[in-house]
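Here are my notes on the model you sent over, as numbered points. Keep the 3D view open while you read and click along.

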Amino acid sequence: MKRRYLGLVVVVLGGVALIGSTRTTLPAETTTFQTQTPAWMPHASNADVITESWFCPGVPATGQDDVNGAIVIANRSESPLLGTAIIVNDRAQNARIDINVAGWSTTTIDLDATLPGAMVGAIVELEGGGGLVEQQALNADGDSQAACATDTSSEWYLADGFTVEGSRNQIVLMNPYEQTVVASLEFATGEITRAPGSYSGLTVPARSVRVIDLGAPGAGAQSEPRLAVQVKASQGRLVVGRSQTFLGGGRLGTQAALAAPALNNQWWFAGGRHDEGYDEEYVIYNPTDDDVEVDAVFLGIEGIATTDPILVPGGQVVAFDPDSVTDLPATRYAAVFATLTGPSVVVERVTTQNLDGTVATSVMLGAVARPDGYLAGTWHVPLSPGAPTAGALSIYNYDDAEGTISVLAVGPSGPVPIPGLADLPLPPPSSVLVVDLTDPAAVGRELIVQTNSRIFVERSFPTGRDDTRSLSWAIPEG
Amino acid sequence: MLAVPVALGLALSAGALAGGFGSDVLARGFGWRQPTALVANVALVLGLAPAVLAIGDGGWHVDRTPLARLASTQFSADPSDGDYRVLYIGDPRVLPVPGHEYAPGIGYVVTDSGGFDFTHRFALTNTSADDAVERAIGLIANGSTLRAGRLLAPLGVRFVVVPLTDGANSTVRDPIDEPAGIVSALRGQLDLGDYQGHPSLEMFINRAWFPVGAQLTGATAEASAEAGDEVLVQADLSGAVASMVGIDRGQSVPYEVLPGTVHIAIPFDERFSLDVGDSVVEPRPGFGVTTAFDVANPGVGDIMYERDSTRTWWLTVQVLLWIVVLVLASGARYPFARRRTANLIDETLIDLDETSAAPAMIAGEALSGSGWTDAFGDDTDDDGYDDGYDDGYDDWLHGDPDDGAEFALPAFENESGESDELARLAMPSDDRDDDDDQRGGQS
């Protein structure tokens with residue numbers, strides 16, 4: 001009798017053990033496949049990847065009337081850099097180019113010779129990473145350059161736009177994907193926000209560029225001194241840039257730039273010019289529904305200059321003139337525009353130079369810290385000017401810490417300090433370090449700005465028209 | 001998962017029923033056990049009622065279009081396009097068929113096009129192709145490439161699907177969240193496009209896909225000779241057209257092949273060969289994982305597979321082993337075994353020559369007889385047998401050789417000297433039948 005009960009107990013326990021041992025335990029919380037972080041500004045990643053992708057939204061490159069474009073690819077390692085570049089244009093034509101960049105060198109793709117178009121972009125994929133890619137707009141009215149995007153996004157923002165006196169403000173939608181992207185475009189002109197039906201459901205074919213000229217007749221935004229734009233993709237992701245041609249209204253020249261892939265609460269500028277011959281304004285766009293107060297703080301000067309908070313109503317774009325800051329001395333300066341209401345604005349600086357009658361306008365998006373708060377101590381310049389250039393780099397030291405900073409030129413044997421630019425004392429937060437690239441070793445090369453502090457590095461490179469400059473950021477490492 | 005314990009429970013129930021019938025009804029008399037069993041069986045039937053109602057039309061109230069059925073409509077096979085496969089990735093609970101684990105809470109499985117049947121319920125062993133899929137998933141997860149489509153293309157993966165609801169484990173009302181960031185990560189891939197379909201599935205189409213059986217030419221053929229993910233993500237895969245359609249379902253027919261490479265998205269196996277006219281093309285690894293054939297001259301090609309010569313022998317051994325298992329499970333015994341058992345019992349348990357042997361009577365009469373001597377103490381279960389007899393009898397009846405050897409029937413006595421009933425039970429069944437016949441004749 002006891003044995004019978006024992007057997008029963010064994011059977012029951014066996015069943016329980018069987019169920020228990022074969023039961024799959026699944027996590028109660030949602031598993032993470034990939035941690036999502038908001039897009040950052042173009043950066044040189046040190047991540048161990050099998051391919052590194054750069055997306056150049058596009059520059060005018062018809063090859064006619066001195067309207068040319070180029071893609072610059074720099075190899076920041078001693079090993080050959082292999083990859084492919086898919087050149088795309090506004091007619092949805094593609095050209096595939098194999099890339100082989102020798103160690104510590106730079107190569108250039110001539111866009112108008114490869115695949116001419118009213119707007120030509122590129123998708124550059126580099127095996128194993130370790131490259132730098134930027135696009136150059138080469139135009140008789142002035143050259144400009146901007147780093148290509150390292151992220152795609154479903155939303156993009158541009159604070160500045162200008163269509164006065166026939167100026168062209170072209171929004172460049174580049175689709176690097178192999179399927180059509182559908183996007184909508186809204187713009188704000190001062191106090192008015194508009195979302196025309198004609199800009200809703202815009203299709204951008206696979207691997208192509210689509211150009212929306214907001215200054216064109218019938219486009220709905222002619223003669224606007226302020227024209228902020230947001231682009232949102234309802235299906236897929238894309239890369240957005242802007243090509244501006246200024247023909248009057250106080251602005252002249254051309255500029256090709258990348259839009260901001262995300263809103264932020266702090267926008268930094270390192271190379272402000274508040275002196276004779278320069279006219280600046282900061283354009284602040286708040287595409288959210290809520291009003292935002294933005295504080296402008298001017299740094300890199302003796303003391304700190306501030307203003308009353310700048311009110312930017314929801315959906316509106318506001319311009320701020322630094323001349324209104326009485327404490328701002330006539331010098332180079334850095335600035336930060338910040339709000340306490342979280343990521344809600346995008347800020348651009350418009351600089352118009354008037355040097356002995358030669359006028360050139362350059363628009364530059366502010367820099368942001370990485371979403372995790374990281375600021376780079378090493379910045380890269382894919383290709384320095386082809387001629388000695390004074391005041392080519394403006395460096396602001398974010399940390400109030402002593403140290404040294406070096407500018408290295410990358411040659412066939414690797415990075416070497418540029419004579420006179422090695423181990424320079426880090427500028428205190430009360431000044432901006434201005435670097436001249438006049439040594440022959442610094443001409444026409446990839447450059448590395450290196451320090452153990454956190455810095456911002458702004459480029460001021462010649463436009464090709466007298467000594468006017470095009471402004472853009474170097475590429476942070478991180 | 002519960003099939004094993006359920007089957008075990010059913011087997012135990014069946015065994016207990018048969019055993020109980022043999023021991024309680026045939027071997028003993030009518031007692032409280034029989035009505036109890038009857039009540040239990042009635043209760044069993046009543047207990048089944050809710051289950052029967054729950055079954056309904058057989059769907060167990062599962063969604064009318066569960067994932068497995070839905071998938072068959074979304075990914076139908078179109079021979080003109082060539083064979084393709086579907087990669088499902090997501091929470092393992094919502095995968096349409098059992099898959100592999102990529103990480104805790106994240107599973108994946110690669111299926112052929114078309115619908116599912118019961119064979120898809122069997123989990124498959126890992127192959128080098130699964131390793132390649134897992135590597136591709138890992139590269140997507142850590143953001144190492146935006147060209148996952150190219151990594152999956154040589155494996156014939158045309159669609160990547162993240163199941164959100166399956167109508168059973170995950171429903172619209174009570175969905176299981178997909179692994180965080182998986183849809184965004186897939187959407188960021190340059191060669192995976194959104195594919196519109198049922199809202200319970202996030203579907204992506206692989207724009208770099210080429211068929212499971214494909215004719216490769218130009219740069220694509222050259223790329224297939226190389227291995228490594230870093231090579232594959234840079235490869236130009238545009239030079240591929242469908243070939244050997246049906247190879248994925250084992251229905252390959254001879255196909256026109258051209259100079260270049262014939263690719264089949266099956267893990268490399270040297271037993272494959274490609275017959276083109278009078279020549280046989282040996283295989284080589286394609287993209288480091290699959291099977292490829294370099295074709296020099298055009299012709300009609302036929303994929304052949306040479307079976308392992310020992311396979312037939314192994315199958316034969318397997319069949320024999322099954323036969324042995326079935327024989328053992330059926331309880332069949334050799335005649336000499338029966339004789340030994342009968343002789344053993346006859347010799348050790350009962351002495352039929354004793355003069356006190358009782359006249360034959362049926363079990364019920366024996367149990368109701370008034371002349372039994374209470375030689376074993378209490379009968380706690382009130383079945384007419386003392387407890388000691390119950391234990392010993394059970395051991396003997398169900399075969400416990402050790403204990404059975406120690407068991408000896410008591411020297412029963414009654415008023416009429418009746419003691420042969422137990423002896424009759426101890427007889428071999430044949431003998432017992434004879435005995436019953438004789439008794440029936442007497443009555």
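1. Start with a hairpin in chain B: strand E2 (residues 100-103) and strand E3 (residues 106-112) pair in the antiparallel sense over three bridges. If you want a pair of residues to click on, Ala103(B) has Ile106(B) as its bridge partner in E3(B). Two residues sit between the strands of this hairpin, and Gly105(B) takes a positive phi near 85° there. Do keep in mind throughout that this is a predicted model.

2. Next, helix H4 of chain B, residues 128-141. Is the helix as long as its residue count says it should be, or not? At 1.5 Å a residue, its 14 residues should span 20 Å, and the end C-alpha atoms are indeed 20 Å apart, so the two agree. Several of its residues are buried, among them Ala129(B), Val133(B), Ile137(B) and Ile140(B). After H4(B) comes Gly143(B), with a positive phi near 65°.

3. Now compare helix H9 of chain B, residues 311-330. The same sort of length check works here: 20 residues should span 28 Å, and the end C-alpha atoms are 28 Å apart, which agrees. How many of the 20 residues of H9(B) are buried? The number is zero, so this helix lies largely in the open. Gly331(B) follows H9(B), and its phi is positive too, near 80°.

4. While you're in chain B, find Gly47(B) in helix H2, which covers residues 33-55. Is Gly47(B) buried or exposed? Exposed, because there are 10 other C-beta atoms within 10 Å, and a residue with 12 or fewer counts as exposed. Try drawing a line from its C-alpha atom to that of Thr127(B): these two are 80 residues apart along the chain and separated by 46 Å.

5. How do the chains meet? On the chain B side, 37 residues are in contact with 32 residues of chain A. Elements of chain B that each supply at least two residues to that side include helix H1 (3-26), helix H4 (128-141), strand E5 (192-195) and helix H12 (387-397). By class, the side of chain B that touches chain A has 17 nonpolar, nine polar and eleven charged residues.

6. Over to chain A, where four strands form an open sheet in the order E1-E6-E3-E4, with antiparallel pairing. Strand E1 (51-61) and strand E4 (94-101) stand at the edges; each has a single partner strand, so one side of each is left without a neighbour in the sheet. The twist averages 20° from one strand to the next. Inside this sheet, seven bridges join strand E3 (residues 81-89) to strand E6 (residues 117-127), and Gly83(A) stands opposite Leu126(A) in E6(A).

7. Two residues of chain A deserve a look at their backbone angles. Ala92(A) has a positive phi of about 60° although it is not a glycine, and its place is in the loop between E3 and E4. Trp104(A), also not a glycine, has a positive phi of about 55° and belongs to the loop between E4 and strand E5 (106-110). Their surroundings are worth checking as well. Ala92(A) counts as partly exposed, because it has 15 C-beta neighbours inside 10 Å. Trp104(A) is buried, because 20 other C-beta atoms lie within 10 Å.

8. Chain A has another open sheet of four strands, in the order E14-E10-E16-E17 and with antiparallel pairing. Its edge strands are E14 (208-213) and E17 (251-258), each pairing on one side only. From one strand to the next, the twist averages 15°. Eight bridges join strand E16 (residues 239-248) to E17(A), and Gly241(A) has Leu258(A) as its bridge partner.

9. Last, the nonpolar cores. In soluble globular proteins, nonpolar side chains tend to be buried together. The largest core here has 140 residues, and those with the most contacts inside it are Ile71(A), Val124(A), Leu173(A), Ile284(A) and Ile395(A). Leaving aside neighbours within four places in sequence, Ile395(A) is in contact with residues including Ala270(A), Ile405(A), Pro427(A) and Val457(A). A second, separate core of 73 residues includes Phe75(B), Tyr88(B), Val161(B) and Leu232(B).

Notes:
Residues numbered from 1 in each chain as written. Chains lettered and ligands numbered in written order. Predicted model: local features only at pLDDT ≥ 70, side-chain atom pairs only at ≥ 80, totals over all residues. Contact = placed C-beta atoms within 7 Å. Nonpolar A, V, L, I, M, F, W, Y, C, P; charged D, E, K, R; others polar. Expected span 1.5 Å × (residues − 1). Pairing = 2+ DSSP bridges. Axes fitted to C-alpha atoms, helices over the stretch in contact; angles between N-to-C directions. Core = buried A, V, L, I, M, F, W, Y, C linked by C-beta atoms within 7 Å.
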